Amino acid sequence: MNRSIVPGETIAAISTAAGEAAIALVRISGEDAIAVADKIFRGKQRLSDLQSHTQHLGEIVENGAIIDQAMLAVHRAPGSYTGEDLVEISCHGGTLVTAKILETCLRAGARAARPGEFTERAYLNGKIDLTQAEAVIDLIRAQTDLALRSATEQLRGRLGDEFRRLRQQLIQIIAHVEASMDFPEEGISPADIATIRNRLELLRSQIDKLIATTETGRILREGLRVVIFGATNAGKSSLLNRMLGFDRAIVNEMHGTTRDSIEERIKLRGIALRLFDTAGLRSPENPVEREGIEHTRRTLETADLRLHIVDASALRPADFAMNPDELLTLNKSDLPEHADWSSTDAIRISCKTGTGLPKLADEVYRRIGGVKLNAESSLAINARHREQLRRASDAIALGLAAIGAGATPEMFAIDLQEAQHAFDELLGGGDEEAVRDAIFSQFCIGK
């Protein structure tokens, strides 16, 4: 997809969610945004005469016919979200009226915006950096207070500032190295080499600490995958329903009721959990059940936490084995416990009465490192950041190895320049169009 932006092109889109609401917002941005709005808005003054950052009541019209009464806000460049002239029309939130206003904007000279194009223009016009643009979509998608806090910090520029700080440290080291290359008669002393090595080791350590936050970032953005599994009729679907607080999965005493995975989301003390109820594990009786069990095994492979549910009132299976990576949960504690389980270290619950569920929640929270996430989640990178930071870290490691082998500044400077290129791409340089495609295509239209 080619996202090239033609200078001067004016775009328009509905910026609020589809469906009925009290108010909807239609945005127009670009060189002719005010002229386009002037053609369709009838108020007390021409829009070209209005001051920036002011709102005005009027009517949206086309060929003399009134479409809606609306409030219109004018934001003149460069003091707008996009850095261009920007007009925002707040109209009544009906599906039809909103669509008609957008169509009127397009007939007046604007073109339909692509997904994320308003934020993309903000980036291209220097209003935000690439990490802040990524934070916009994280903010929209945030499902927990932790994710919201992390996205807000990134939107304020904290993550971008950290990347720029590390890049500046690297540039200073490169300048030190290149100075010795520019004045070879003065050479570079062993003390200078030791200083460069120490600074590079410190810089790499700081980069690696950021790389270590990738998993935290994934959890904040996507949620933790918690897979509920076990034998048929152990109470997996009952546990899912209990954790959700409503009946999502069908519960029946007949074995093999659940044939496919069911996914739902909950919040556990500010952390998003993606709960998966899976088909019961047993010897399959038909091809459909066999496929369901295979899907369970595939789902378990991607789990962050496995909740192994067992019927504590039943005989312990001869092939049962404990796995330290699983949280063993003995269900049906409202019934007499079979003697086989008496010495088993596990969480005991009853999905029927609710007994033990708070203790299970405490253990899940402990297992997923909830306390650590709460304390450290305000700065967390994503997969794109990790790729470039690893590239920078690896290049610095090569430079350090070259220094250790007695290489000349000309030789290890190449590795340091590669690390700088990685930082440049991290902040929006390099193959910029490909980076923009990957980021802004995730946005909704109108943002």
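**Notebook: helix α9, the sheet and two cores**

I began with helix α9, residues 236–244, and noted that K236, S237, L239, L240, N241 and L244 are buried there. This is a predicted model, and I kept that in mind for each entry below.

I then looked up what covers the buried residues of α9, and the list includes the strands β8 (224–230), β9 (262–268), β10 (271–277) and β11 (305–311), together with the helix α11 (357–367). Just after α9 comes G245, whose phi is positive, near 90°.

Next I traced the sheet, which is open and has 6 strands in the order β9-β10-β8-β11-β12-β13, with mixed pairing. Which strands stand at the edges? I found β9 and β13 (347–348) there, each with a single partner strand, so one side of each is left without a neighbour in the sheet. Between β8 and β10, which run parallel, I recorded 5 bridges, and L224 has L273 in β10 as its bridge partner. Helix α11 lies across β9, β10, β11, β12 (326–331) and β13, and runs at about 175° to β12.

I went on to D311, which is found in strand β11. Is D311 buried or exposed? Its relative accessible area is 18%, and buried means under 20%, so D311 counts as buried. Leaving aside neighbours within four places in sequence, D311 is in contact with N233, A234, N331, K332 and W341. The side chains of D311 and S313 are joined by a polar contact of 2.6 Å. I also noted that D311 and L330 are 19 residues apart along the chain, while their C-alpha atoms are separated by 6.0 Å.

My next entry concerns the nonpolar cores. The largest has 31 residues, and F163, L200, I207, L389, F412 and F423 are those with the most contacts inside it. Helices α6 (158–182), α7 (190–211), α13 (383–404) and α14 (409–426) each supply at least two residues of this core. Apart from it lies another core, of 30 residues, among them A234, L244, L273 and I309. In soluble globular proteins, nonpolar side chains tend to be buried together.

I looked more carefully at F423 and, leaving aside neighbours within four places in sequence, found it in contact with F163, L166, R167, L170, I207, L389 and A392.

Last, I checked confidence: the protein averages a pLDDT of 85, and 87% of the residues score at least 70. Confidence is highest in strand β1 (residues 11–14), at a mean of 96, and lowest in helix α12 (residues 370–376), at 56. Where pLDDT is low, the predicted coordinates should not be read in detail.

Key:
Residues are numbered from 1 along each chain as its sequence is written. This is a predicted model: local features need pLDDT of at least 70, side-chain atom pairs count only at pLDDT 80 or more; totals for chains, interfaces and linings use all residues. Side-chain values use heavy atoms; hydrogens and water are left out. Buried means under 20% relative accessible area, exposed over 50%, partly exposed in between (1.4 Å probe, protein chains only). Helices (H or I, at least four residues) and strands (E, at least two) are DSSP runs, numbered from the N terminus. Contact means heavy atoms within 4.5 Å. A nonpolar core is a set of buried Ala, Val, Leu, Ile, Met, Phe, Trp, Tyr and Cys residues joined through side-chain atoms within 4.5 Å. A polar contact is a pair of N or O atoms within 3.5 Å; within protein, one must be able to donate a hydrogen and the other to accept it, and residues adjacent in sequence count only if both atoms are side-chain atoms. pLDDT is the predictor's confidence in each residue, from 0 to 100. Two strands pair if DSSP finds at least two bridges between them. Axes are lines fitted to C-alpha atoms, for helices over the stretch in contact, and angles run from 0 to 180 degrees between N-to-C directions.
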